[in-house]
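Please keep the sequence and the model open beside this note while you read. The points are meant to be checked one at a time, in the order given.

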Amino acid sequence: MLFEQLLNGITVGSTYALIAVGYTLIFGVLGMINMAHGQIFIFAALTAIVTMSAFGWPLLPAFFVSVACAAALGALLEAVAFRPLRKKDVPHLAPLISTIGFATILDDAMIKLFGADSRVVPGRLGGSFSVGGVDVRAVDLAILAAALGLMAVLHLWIQKTPFGKAIRATSESPETAAILGIPTDRVILTTVVLASGLGGVAGLLLGLSYGAVAPSMGVGLGFKGLAVLVLGGLGSLPGAMLGGLLLGVVEVLAVAYGSSTYRDAIAFLMIILVFLVRPQGLFGEKPVQR
C-alpha cells in the first residue's frame, strides 16, 4: 500500500517538477515570475484534447500539438509581456502584473473556445502491471518515465551544450553576456518558448493522470509550480525537480493518512517548515550580507 502511494506521489510530483522547471528557467534568465504559466499549459492541453477528439488522432501527435501551442503562447508572452519591460526602468511588480493580465486573457479565451466544463482525455493508456504484488497503472509509469526523462535531457542540455551555456551566462549577467557576443534577446526568447513547451507536456501528462482537463485547473497548478520554485530555491533546476517530487509525495500521503480536504494545506505547511529551517529553499544560495 505504501509503495503504491509513494509511486503515485512521485508520478504527480514529476509533473509538478516539470511545471516548476518552466518557472525556474524564466526566473533564472529574466529574474521575472511568469504568472501566466499555468494558463498557458492548460490552454495547450485543451487544444491537444480537442484536436484528438476532432481528428481521431492518437496520443503521441497530441503531445506535439500541446508543445507547439504552448511554445507559440510562450513566444507571444515574451513579445507582449516581457520584452517591452526588459529595457525600461519599470517597477519590479510591472512584469508580474503584465503576466497576470496575460493569464486573465487566456482564462477568458479558454472558456470562450472550450467552455468551462472539463474535457476528458481520449486514448488514455489502459492496463496495469503488478510490481511487488501491487497493481500499478500503465499510465502512471508512462507519465513518470516521460517526466523524468525530459528533466534529465533538459539538465544535460543546459549543462553540456553551447546554447545551454549561453542560457547560463545570460542568467548570470545579460549585460556581460551581450558584451561577449551572446545574442541575449534570442536566448531569452528561446528560454521562454522552451519553458512554455515543457509546460505543454506537463499539462497533457496531468490530463492523463486525472483523466480530464478543465480551464480552471491552470490557476491552482500554476500556484503549485510557483510553490515548488520557491521550495527548491529560486533559479535552481535541481531544486525544482526535487521540490516537485517532494510536494507530490506529501500531497498523496496527506490524502492517504489524513483527509483530501487538507491536501493543499498540509503540502504548503511542509513548505513553511522548510523555510523556517532554510529560508533560501533546498538548493538556493544564501543572500550576501551587506
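The numbered points below go from the whole protein to one pair of helices and then to two single residues.

1. Before anything else, please bear in mind that this is a predicted model, and that the values in this note are computed from it. In the model the protein has 11 helices and 4 strands, so helix numbers such as H3 or H9 simply follow the order from the N terminus.

2. On overall form, the C-alpha trace spans about 60 × 50 × 35 Å along its principal axes. A compact globule with 290 residues would be expected to have a radius of gyration near 19 Å, and because the protein has 19 Å, the two agree.

3. On surface and interior, 48% of the 290 residues count as buried. The accessible surface comes to about 13700 Å², and 68% of that area belongs to carbon and sulfur atoms.

4. On how the chain meets itself, consider the contacts between residues at least 6 apart in sequence: 75% of these join residues that are at least 24 apart.

5. A pair of helices deserves a careful look, namely H3, which covers residues 59–86, and H4, which covers residues 93–114. The two pack at an angle of about 145°, with their axes 9 Å apart, and H3 passes H4 in a right-handed crossing.

6. Which residues of H3 and H4 meet? From H3 come Leu73, Leu76, Leu77, Val80, Ala81, Phe82 and Leu85, while H4 brings Ala94, Pro95, Ser98, Thr99, Phe102 and Leu106. By class, this contact has 11 nonpolar and 2 polar residues, with no charged residues.

7. Is Lys224, a residue of helix H9 (residues 217–232), buried or exposed? Lys224 has a relative accessible area of 9%, and because the cut-off for buried is under 20%, this residue counts as buried. Leaving aside residues up to four places away in sequence, Lys224 touches Tyr16, Leu247, Glu251, Asp264 and Phe268, and you may wish to find each of these partners in the model.

8. Pro174 belongs to helix H7, which covers residues 174–179. With a relative accessible area of 31%, Pro174 is partly exposed, since that class lies between the 20% and 50% limits. Pro174 and Val192 are 18 residues apart in sequence, and their C-alpha atoms are 15 Å apart in space.

Note on methods
Residues are numbered from 1 along each chain as its sequence is written. This is a predicted model: local features need pLDDT of at least 70, side-chain atom pairs count only at pLDDT 80 or more; totals for chains, interfaces and linings use all residues. Side-chain values use heavy atoms; hydrogens and water are left out. Axes are lines fitted to C-alpha atoms, for helices over the stretch in contact, and angles run from 0 to 180 degrees between N-to-C directions. A crossing is left-handed if the near helix is turned anticlockwise from the far one by less than a right angle, and right-handed if clockwise. Contact means heavy atoms within 4.5 Å. Ala, Val, Leu, Ile, Met, Phe, Trp, Tyr, Cys and Pro count as nonpolar, Asp, Glu, Lys and Arg as charged, and the others, Gly among them, as polar. The radius of gyration is taken over C-alpha atoms; the globule rule is 2.2 Å times the number of residues to the power 0.38. Buried means under 20% relative accessible area, exposed over 50%, partly exposed in between (1.4 Å probe, protein chains only). Accessible areas come from the Shrake-Rupley method with a 1.4 Å probe; for residues, only the protein chains shown count as cover.
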